[in-house]
Amino acid sequence: MNQIQKWLFLAGFVFVAQGCQKDDICPEGTETTPLLVIEFHDAADPSQLKAVQNLVVRAAGEDIFLGPETVNTITIPLRTNENVTEYSFIRNSGSTTENEDRISFSYDPAPEYLNRACGYKVNFTNIDANTLQDEDNWIISEVILQENVENETEAHISITH
């Protein structure tokens, strides 16, 4: 190999090496878009959690998201590209006493840029919940515990039944 070939090879290698970048990998444990945390409370004593028997949760027009499970706390996602998400909450799913209530959650999405590797996460502000009334609602009321959904460490909404 003569001198010109060596220099051309070295120049080509340097040119290719400069085009490489370190991998952009989002680190484990990076905060992501938080889920809405809902607790179910006893209508007779709102300070006490009360499990919902055979609860099924389904987003409007979607497959079952959760259940059937007997739970007193759930976490559900909100749509990040809209201001409203509607869910059906079905108590005693699969039994003769099955009862479905629909709740509409309204909010303002607040995108937050994390970094190039992780992109964005969306927090939610001004959260509100409204149970759509029918002839036999099992959900008595909903109380907003935290107006902003920024993490999943505490409940955001309390539903009494």
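Student: In this structure, does Cys118 count as buried or exposed?
Tutor: The model is a predicted one, and its accessibility values are computed from the atoms. The cut-off for a buried residue is a relative accessible area under 20%. Because the relative accessibility of Cys118 is 17%, this residue counts as buried.

Student: Which residue does a disulfide join to Cys118?
Tutor: A search through the whole structure finds 1 disulfide. In that link the two sulfur atoms lie 1.9 Å from each other, and the residue joined to Cys118 is Cys26.

Student: How many residues apart are Cys26 and Cys118, and where in the chain are they placed?
Tutor: The disulfide links distant parts of the chain, with Cys26 in the loop between helix 1 (3–19) and strand 1 (36–41). Cys118 is placed in the loop between strand 6 (99–115) and strand 7 (119–132), and the two cysteines are apart in sequence by 92 residues.

Student: What is the handedness of the link of Cys26 and Cys118?
Tutor: The handedness goes with the angle about the S-S bond, which is 100° in this link. With that angle, the link of Cys26 and Cys118 is right-handed.

Student: How does Cys26 count at 35% relative accessibility?
Tutor: A residue is buried under 20% and exposed over 50%, with a partly exposed class in between. Because Cys26 has a relative accessibility of 35%, this cysteine counts as partly exposed.

Student: How far apart in space, C-alpha to C-alpha, are Ile25 and Ala117?
Tutor: Ile25 is found in the loop between helix 1 and strand 1, and at 63% relative accessibility this residue counts as exposed. Although 92 residues separate Ile25 from Ala117 in sequence, their C-alpha atoms are apart in space by 5.4 Å.

Student: How many strands does the chain have?
Tutor: From the N terminus on, the elements run α-β-β-β-β-β-β-β-β-β. The chain thus has 1 helix, and the number of its strands is 9.

Student: Which are the edge strands of the sheet with the order 3-2-5-6-7?
Tutor: This is an open sheet of 5 strands with antiparallel pairing. An edge strand here pairs on one side only, and this holds for strand 3 and strand 7.

Student: Which residue in strand 3 does Val57 stand opposite?
Tutor: Strand 2 and strand 3 are paired in the antiparallel sense, over 4 bridges. Within strand 3, the residue that stands opposite Val57 is Leu66.

Student: Which strands stand at the edges of the sheet with the order 4-1-9-8?
Tutor: In this open sheet of 4 strands the pairing is mixed. A strand at the edge has a single partner strand, so one of its sides is left without a neighbour in the sheet, and this applies to strand 4 (73–76) and strand 8 (141–144).

Student: Which residue in strand 9 does Val143 stand opposite?
Tutor: Strand 8 is joined by 4 bridges to strand 9 (residues 157–160), and the two run antiparallel. In strand 9, the residue opposite Val143 is Ser158.

Student: Which residues touch the most other members of the largest nonpolar core?
Tutor: The largest nonpolar core holds 26 residues. At least two residues of this core come from each of strand 1, strand 2 (52–59), strand 3 (64–71), strand 4, strand 5 (84–91), strand 6, strand 7 and strand 9. The members that touch the most others are Ile38, Leu55, Ile74, Phe89 and Phe105.

Student: Does Asn99 count as buried or exposed?
Tutor: Asn99 is placed in strand 6, and residues more than four places away in sequence that it touches include Phe89, Asp136 and Trp138. Because a relative accessible area under 20% is the cut-off for this class, Asn99 with its 9% is buried.

Student: How far apart in space, C-alpha to C-alpha, are Ala51 and Asn72?
Tutor: Ala51 is located in the loop between strand 1 and strand 2, and at 30% relative accessibility Ala51 counts as partly exposed. Leaving aside residues up to four places away in sequence, Ala51 touches Thr70, Val71, Asn72 and His161. Ala51 and Asn72 are 21 residues apart in sequence, and their C-alpha atoms are apart in space by 4.0 Å.

Conventions: Residues numbered from 1 in each chain as written. Predicted model: local features only at pLDDT ≥ 70, side-chain atom pairs only at ≥ 80, totals over all residues. Heavy atoms only, no water. Disulfide = S-S within 2.5 Å. Buried < 20%, exposed > 50% of the residue type's maximum accessible area, 1.4 Å probe, protein only. Pairing = 2+ DSSP bridges. Core = buried A, V, L, I, M, F, W, Y, C linked by side-chain atoms within 4.5 Å. Contact = heavy atoms within 4.5 Å.
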